[in-house]
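Please open the model in a viewer and keep the selection tool at hand. The tour proceeds one selection at a time.

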Amino acid sequence: AQLSIVLSMRAEYGWTSDVTNTVARAVQHAERAVALSPDLPFAHFALGRLLSRSFVADLAGASAEFERAIALDPNYTDAYAFHAIVQIADGRAADGLNTISEAFARTPVPPYWYYMPLGLANFCLGNYEAADAALTALLERNPNLQNALRLQIATYGHMGRLDDADWVAMEYEALGVPATISDIMQAMSVEHPPYREAVIQGLRLAGLPE
């Protein structure tokens with residue numbers, strides 16, 4: 001299961017020149033882990049995580065694996081967090097918000113990345129104040145997370161906080177990436193059409209160039 005995650009991350013972050021073979025091996029190891037230990041929550045988590053990645057993109061399969069991991073271990077907070085990401089990607093932000101809220105309720109010190117699905121779920125539901133609070137908490141812990149900066153610009157656009165949006169855009173560009181709508185949307189992992197359109201609208205309201 002752990003080897004599957006390592007191989008998946010190689011493909012995700014461009015650490016291999018043979019993505020096809022690396023992903024195939026990741027699938028093989030994840031499925032073998034589940035076959036060897038069907039009652040091991042981490043095995044189902046590893047398979048679900050892999051199925052949630054863009055190069056596999058089996059959201060229904062990923063959701064089922066995360067649900068199985070949670071059923072085996074109701075306090076498996078990483079499984080809640082990844083399940084929330086999948087639910088949002090599937091256009092179910094309200095479900096995702098409930099799921100990530102469960103993760104926060106079950107851990108006293110949540111990892112910084114839990115705040116990303118919390119912020120994204122609230123953004124997709126139009127809860128911009130709550131989205132800003134989550135993204136601010138994340139960026140206090142990891143100031144250079146580009147995905148959070150991108151979403152915060154759009155959030156400030158919807159909130160009419162144009163000075164704040166401009167400041168975050170400058171912070172984003174300081175990382176060596178262009179703050180244009182086309183470049184940001186190429187990098188954004190939000191694919192559900194209404195949610196993606198909300199991000200684009202927020203970036204336009206923030207005054208970013210096309």
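Select Phe-123 in this predicted model, and display the residues around Phe-123 that lie beyond four places in sequence. Those in contact with Phe-123 are Tyr-128, Ala-131, Leu-151, Ala-154, Thr-155, His-158, Tyr-195, Ala-198 and Val-199.

Next, extend the selection to the largest nonpolar core, which has 68 residues. Which of its members touch the most others? They are Ile-100, Phe-123, Leu-203 and Leu-208. In soluble globular proteins, nonpolar side chains tend to be buried together.

Now move to helix α1, residues 2-12. Its buried residues are Ser-4, Ile-5, Leu-7, Ser-8 and Ala-11. Looking down the axis of α1, one finds these buried residues within an arc of 165°, so they line one face of the helix. An α-helix has 3.6 residues a turn, so residues three or four places apart point the same way. To see what covers the buried residues of α1, add α2 (19-36) and α3 (41-52), which are among the covering elements. Then select Gly-14, which follows α1 and has a positive phi, near 70°.

Finally, show the whole protein as a cartoon. Twelve helices and zero strands appear. The C-alpha atoms fill a box of roughly 55 × 40 × 30 Å along the principal axes. The radius of gyration is 18 Å, which agrees with the value near 17 Å for a compact globule of 210 residues. Of these 210 residues, 49% are buried. With the surface displayed, about 10,000 Å² is exposed, and carbon and sulfur atoms supply 52% of that area. Among contacts between residues at least 6 apart in sequence, 54% join residues at least 24 apart.

Key
Residues are numbered from 1 along each chain as its sequence is written. This is a predicted model: local features need pLDDT of at least 70, side-chain atom pairs count only at pLDDT 80 or more; totals for chains, interfaces and linings use all residues. Side-chain values use heavy atoms; hydrogens and water are left out. Buried means under 20% relative accessible area, exposed over 50%, partly exposed in between (1.4 Å probe, protein chains only). Helices (H or I, at least four residues) and strands (E, at least two) are DSSP runs, numbered from the N terminus. The arc is that of the directions from the helix axis to the C-beta atoms. Contact means heavy atoms within 4.5 Å. A nonpolar core is a set of buried Ala, Val, Leu, Ile, Met, Phe, Trp, Tyr and Cys residues joined through side-chain atoms within 4.5 Å. The radius of gyration is taken over C-alpha atoms; the globule rule is 2.2 Å times the number of residues to the power 0.38. Accessible areas come from the Shrake-Rupley method with a 1.4 Å probe; for residues, only the protein chains shown count as cover.
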